[in-house]
Amino acid sequence: MAINDKKDLISQLKEKGLKITPQRLAIIEALVSNCDNHPGATLIFKEARKKAKSVSLSTVYATLKDFSENGLIKQLEFDRMENRYDLNISDHVNLICKRCGKIMDYHIPEALESRDIARKSGFIVTDTRMEFHGYCRDCLKQPD
Ligand SMILES: [Zn+2]
């Protein structure tokens with residue numbers, strides 16, 4: 001799976017002519033170090049503040065919007081919880097726990113990958129949103 005690391009993100013910012021500021025670097029670091037959690041803006045703000053005191057919540061929102069519009073990260077939108085962000089921009093399934101809100105990446109078979117779909121059906125997939133909802137292992141272990 002192609003998961004962007006800090007170096008990848010910075011070089012993509014440069015490629016796309018986006019500004020690299022200390023605030024943005026702090027946000028990138030917060031994204032990368034919490035990528036397994038698929039963090040939301042609140043967590044990113046809290047973490048980025050530790051690196052750059054001048055980061056505000058609105059900077060975080062604006063930066064995340066900018067990054068996702070430019071394809072650096074993927075925004076996962078939800079009705080019942082805050083939007084979360086995924087550094088894995090390749091095709092995969094997000095397994096979402098209805099109890100604790102944890103989001104895990106799950107590999108999909110080749111037959112469901114965009115390039116395979118294009119090859120077999122001629123259909124060009126521009127967006128995918130694959131979500132399975134349920135309960136994670138940790139939550140299943142805990143009694144209510
Ligand atoms: Zn859970």
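This is a predicted model, and the mean pLDDT of the protein is 91, with 98% of its residues at 70 or more. Confidence bottoms out in helix α1 (residues 6-15), where the mean is 90, and peaks in α3, at 96.

**Overall layout**

Let's start with the parts list. The protein has 6 helices and 5 strands, and reading from the N terminus the order is α-α-α-α-β-β-β-β-α-β-α. Along its principal axes, the C-alpha trace covers about 45 × 45 × 25 Å. Of the 144 residues in the protein, 22% are buried. As for contacts with a separation of 6 or more, 49% of them link residues 24 or more positions apart.

The domain assignment splits the protein into domain 1 (6-86) and domain 2 (93-141). Taken over C-alpha atoms, the centres of domain 1 and domain 2 sit 22 Å apart.

**The helical core**

Now for the nonpolar core. The largest one holds 19 residues, and I27, L31, I44, A48 and V60 are the ones with the most contacts inside it. Four helices, α1, α2, α3 and α4 (57-69), each put at least two residues into this core. The largest share comes from α2, with 5 residues.

I44 makes a handy place to zoom in. Leaving aside residues up to four places away in sequence, I44 touches I27, A30, L31, P39 and V60. Among these partners, I27, L31 and V60 are also on the list of residues with the most contacts in the core.

**The three-stranded sheet**

On to the strands. Three of them make an open sheet in the order β4-β3-β5, with mixed pairing. β4 (103-106) and β5 (131-134) are at the edges with a single partner strand each, so one side of each has no neighbour in the sheet. From one strand to the next, the twist averages 25°.

So what holds such strands together in general? Strands of a sheet pair through backbone hydrogen bonds, in either a parallel or an antiparallel fashion. Here β3 (residues 93-97) runs parallel to β5, with 4 bridges joining them. β3 and β4 are also joined by 4 bridges, but they run antiparallel. β3 and β4 make up a hairpin with 5 residues between them, and G101 in that turn has a positive phi of about 80°.

Which residues stand opposite L95? On the β5 side that residue is F132, and on the β4 side it is M104. One position earlier in β3's numbering, N94 is opposite D105 in β4.

**Two loop residues**

Two loop positions are worth a look side by side. S90 lies in the loop between β2 (84-86) and β3, while C35 is in the loop between α2 (22-33) and α3 (41-51).

Is S90 buried or exposed? Neither, quite: S90 is partly exposed because 15 other C-beta atoms lie within 10 Å, between the 12 or fewer of an exposed residue and the 20 or more of a buried one. C35 has 18 C-beta neighbours inside 10 Å, so C35 counts as partly exposed too.

The table pairs each of these loop residues with a residue elsewhere in the chain.

| Pair | Apart in sequence | Apart in space, C-alpha to C-alpha |
|---|---|---|
| S90 and H107 | 17 residues | 9.8 Å |
| C35 and A52 | 17 residues | 19 Å |

Which residues does C35 touch? Not counting residues up to four places away in sequence, they are I3 and L87.

**Pulling it together**

In short, domain 1 covers 6-86 and domain 2 covers 93-141. The 19-residue core draws at least two residues from each of α1, α2, α3 and α4, and the β4-β3-β5 sheet is open with mixed pairing.

How values were computed. Residues numbered from 1 in each chain as written. Predicted model: local features only at pLDDT ≥ 70, side-chain atom pairs only at ≥ 80, totals over all residues. Pairing = 2+ DSSP bridges. Axes fitted to C-alpha atoms, helices over the stretch in contact; angles between N-to-C directions. Contact = placed C-beta atoms within 7 Å. Domains from an automatic or database assignment. pLDDT = per-residue confidence, 0-100. Core = buried A, V, L, I, M, F, W, Y, C linked by C-beta atoms within 7 Å.
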